[in-house]
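Student: I would like to learn how descriptive words about a protein are justified by values. Could we go through one example together, slowly?

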Amino acid sequence: MNGEIRIMPIQGIGEIPPGSDLGLLIFQAMQAQQLKLQRGDILVVTQKIVSKAEGRVVNLDEVQPSAFARAFAQEFNKDAGHVEVVLRESKRIVRMDHGVLISETRHGFICANAGVDESNVNGARALTLLPLDPDRSASQIRARLQELAGEGADFDIVVIISDTWGRPWREGQVNMAIGVAGMEALVDYRGQSDTYGYQMHVSLIAAAEELAGAAELVMGKIDGVPVALLRGYAYQPATGSGKTLLRNPATDMFR
């Protein structure tokens, strides 16, 4: 049973150069806001600053587009270098129509442009790529925060790496959880009975995804707030992984 949940923006983190110690920057920003890391805290961190810290940034001036990328870009008035980067980051193209590229990344994510993004990047010709291993990124930030808090690995906190994606059949974008450390990403109610005694058979709640979406409410897209702190949600402690949110192709009705 969950009661009140607080969502607080972590401000003042600033620009992130490659090699930045994100755990330290988040910890210092929390201290500047008089926020002490507490057991049970959940930190949602945008993919953008993780990618910047890990050097997952591409300069378009250094990209040589293929003939295919140039042809697609010319037909739909796109940047050929940008298209080429998307193709390189894609395991396969799921749909390619009206100038939109929906692709499957090497992580198994299915999203627009393989997660390649040009927003909130310091440089008109720069793109960020998704972290190579978002779960590992989340785990490393979590471990660093535990260390800075003066606690050990049994100090229960959660780190979620989020990215903003569109959704099939729905307008608008929402924050998704692409990396998870410290909690079960899914809450399984199957086999349990509801208040009327009905046994649930399909209720599998994407808790990490809902937390990531809630965090977006205080982050915004133009406010320069790349981290949010959620406090009060009773999650299930676990190693955690964003991979558990990926649907098995064998049960996917739309592949």
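Student: Which hand does the crossing have where α1 passes α5?

Tutor: Before we begin, keep in mind that this is a predicted model. In it, α1 passes α5 in a right-handed crossing.

Student: What makes α1 oblique to α5?

Tutor: The axes of the two helices come within 8 Å and cross at roughly 50°. An angle under 35 degrees would count as roughly parallel, and one from 65 to 115 as roughly perpendicular. The value for α1 and α5 falls in neither range, and therefore α1 is called oblique to α5. On the side of α1, Leu22, Gly23, Leu24, Ile26 and Phe27 meet Ile141, Arg144, Leu145 and Leu148 of α5.

Student: At what angle do α3 and α4 pack, and what makes α3 oblique to α4?

Tutor: Helix α3, residues 67-76, packs on helix α4, residues 80-88, at an angle of about 125°, with the axes 8 Å apart. Roughly perpendicular covers 65 to 115 degrees, while roughly antiparallel needs an angle over 145. The angle lies between these ranges, so α3 is oblique to α4. This crossing, too, is right-handed, and among the residues that meet there are Phe68 and Phe72 in α3 and Val83 and Leu87 in α4.

Student: Why does glutamine 47 count as buried?

Tutor: Glutamine 47, which lies in helix α2, has a relative accessibility of 1%. Buried means under 20%, so glutamine 47 belongs in that class. Leaving aside its neighbours within four places in sequence, glutamine 47 is in contact with Thr128, Leu129, Leu130, Pro131, Ile161, Ser162, Asp163 and Ile178.

Student: How do you know that glutamine 34 is exposed?

Tutor: Its relative accessible area is 71%, and exposed means over 50%, so glutamine 34 passes the cut-off. Glutamine 34 lies in the loop between α1 and β2.

Student: And why does asparagine 77 count as exposed?

Tutor: Asparagine 77, found in the loop between α3 and α4, has 75% relative accessibility, and so it counts as exposed by the cut-off of over 50%.

Student: What is notable about phi in glutamine 34 and in asparagine 77?

Tutor: Most residues other than glycine have a negative phi. Glutamine 34, although not a glycine, has a positive phi of about 60°, and phi of asparagine 77 is near 55°, again a positive value. Histidine 98 also takes a positive phi near 55°, in the hairpin of β4 and β5, which has two residues between the strands.

Student: How do you know that β4 and β5 pair?

Tutor: Pairing needs at least two bridges, and six bridges join β4, residues 90-97, to β5, residues 100-105, so these antiparallel strands meet the condition. In this pair, methionine 96 stands opposite leucine 101 in β5.

Student: Which residues have the most contacts inside the largest nonpolar core?

Tutor: They are Ile26 and Leu145, in a core of 32 residues. Elements that each supply at least two residues of this core include β1, α2, α5 and β12, while α1 gives the largest share, five residues. Apart from neighbours within four places in sequence, isoleucine 26 is in contact with Ile10, Ile13, Leu43, Val45, Ile141, Leu145 and Val227.

Student: How many residues are in the second, separate core?

Tutor: That core has 20 residues, including Val44, Met183, Ala215 and Val225.

Conventions:
Residues numbered from 1 in each chain as written. Predicted model: local features only at pLDDT ≥ 70, side-chain atom pairs only at ≥ 80, totals over all residues. Heavy atoms only, no water. Core = buried A, V, L, I, M, F, W, Y, C linked by side-chain atoms within 4.5 Å. Buried < 20%, exposed > 50% of the residue type's maximum accessible area, 1.4 Å probe, protein only. Helix = DSSP H or I, 4+ residues; strand = E, 2+ residues; numbered from the N terminus. Contact = heavy atoms within 4.5 Å. Axes fitted to C-alpha atoms, helices over the stretch in contact; angles between N-to-C directions. Left-handed = near helix turned anticlockwise from the far one by under 90°.
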